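Q: I'm at home with gels and assays, but less so with folds. Could you walk me through reading this one?

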Amino acid sequence: MRYAPIVVFGYNRADMLKNLFTSLEKNENVEKMDLFIFLDIPDRKKPRDIPLSEEVIAYVSAYQAVSKFKNVEIEVAKQHKGLADSIISGVTKIINQYGKVIVLEDDLEVSDDFLDYMQRGLDFYEKDKRIWSVAAHTPELKRLQLYQHDVFLTMWAESLGWGTWKNRWNCMDWEVSSWTGFRKDYVGRFLFNLGCKRAYEMLHKQMTEKNYESWAIRWAYQQFRCRKYSVYPKESRVIHCGNDNRSTHGVYHSTQRLKQTYQKCVFEKIKPNHRIMLAFRQ
């Protein structure tokens, strides 16, 4: 297997970053994989984040020497980028080198088979032209309890633990040049919202509000424009650990938990299940 590298983004939460790396190192074969860590730094408007950022940089520098990964490379921004620019530039740099990536942010925790799930999923679906990305986080859906497969498809691209390939990523139109026409396309807006009920609302904020900056809604919109699907696991391999007052998107308390053990995920060339997709949309 040609392993995809893991790309992690951090900023001001050393404790969460440590928790993420601890969970990653419980996975098999980490010693065969490369890890790239991209760290943003504060701007002048957030002086309170300076010591937090310095703590992250110090922790990651120490972690590099003791990590179980095959290779660890760290890139600290020279000036504040913000989450969207950090992810766009970081993923672009690594995916152009390796052809595929696994992407995580510092507020996540992964299962002990996360890397097996992601690496095999990226291999299995690489030549399936229907598939835009492989997601590892799945919300708790009652509809999935009776579902007979290990994976399902949605019209929505995940941002909490995911992977993709160079030929998908490089299709991106980060400027959303179709926006002027799309905002008047009421049928298109309706169809976009079938992936997520707030999809158009988030895209509208991205394009019209100066302080709203999201790489993820543009990523999801491009998937919609290309008429592709993302693959999700029936059983989530990633949880969001929650937000506090250090977080970009406000305080959020997560109740989702990982399982103690997972059966090896069976990947299939699955067909869309519209009942699952409707439940996911909510």
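A: Sure. Keep in mind that this is a predicted model. Let's begin with a single cysteine: leaving aside neighbours within four places in sequence, Cys265 is in contact with Tyr117, Arg120, Asp150, Val151 and Arg237.

Q: Where in the chain is Cys265 found, and is Cys265 buried or exposed?

A: Cys265 sits in the loop between strand E10 (238-240) and helix H10 (274-281). Its relative accessibility is 5%, so Cys265 counts as buried, the cut-off being under 20%. The C-alpha atoms of Cys265 and His149 are separated by 9.3 Å, although the two are 116 residues apart along the chain.

Q: Val151 was on that contact list. Which residue is the bridge partner of Val151 in E9?

A: First, the general idea: strands of a sheet pair through backbone hydrogen bonds, either parallel or antiparallel. Here, Val151 has Pro233 of E9 as its bridge partner. E7 and strand E9 (residues 229-233) run antiparallel, joined by four bridges. Helix H9 packs on the sheet and touches E4, E6, E7, E8 and E9, with its direction at about 135 degrees to that of E6.

Q: What is the order of the strands in the open sheet?

A: Read across, the eight strands go E3-E2-E1-E4-E8-E6-E9-E7, and the pairing is mixed. Strand E3 (71-76) and strand E7 (151-154) are at the edges with a single partner strand each, so each has one side without a neighbour in the sheet. On average, neighbouring strands are turned by 25 degrees against each other, direction ignored.

Q: Why is strand E1 described as largely enclosed?

A: Check burial along the strand. In E1 (residues 6-10), five of the five residues are buried, so the rest of the structure largely encloses this strand. Ile6, Val8 and Gly10 point one way, while Val7 and Phe9 point the other way. E1 runs parallel to strand E2 (residues 34-39), with five bridges between them, and Gly10 has Leu39 as its bridge partner there. The path from E1 to E2 goes through helix H1 (residues 14-24), a right-handed β-α-β crossover. E1 also pairs with strand E4 (residues 100-105) in the parallel sense, over four bridges, where Val7 stands opposite Val103.

Q: And what do the buried residues of H3 pack against?

A: Look for the buried positions, then see what they touch. In helix H3 (residues 83-98), the buried residues include Ile87, Val91 and Ile94. The buried residues of H3 pack against E1, E2, E4, strand E8 (162-165), helix H5 (166-169) and helix H9 (215-225). Right after H3 comes Gly99, with a positive phi near 90 degrees.

Conventions:
Residues are numbered from 1 along each chain as its sequence is written. This is a predicted model: local features need pLDDT of at least 70, side-chain atom pairs count only at pLDDT 80 or more; totals for chains, interfaces and linings use all residues. Side-chain values use heavy atoms; hydrogens and water are left out. Buried means under 20% relative accessible area, exposed over 50%, partly exposed in between (1.4 Å probe, protein chains only). Helices (H or I, at least four residues) and strands (E, at least two) are DSSP runs, numbered from the N terminus. Two strands pair if DSSP finds at least two bridges between them. A crossover is right-handed if, with the strands pointing away from the viewer, the path from the first strand over the helix to the second runs clockwise. The expected span of a helix is 1.5 Å times one less than its number of residues. Contact means heavy atoms within 4.5 Å. Axes are lines fitted to C-alpha atoms, for helices over the stretch in contact, and angles run from 0 to 180 degrees between N-to-C directions.
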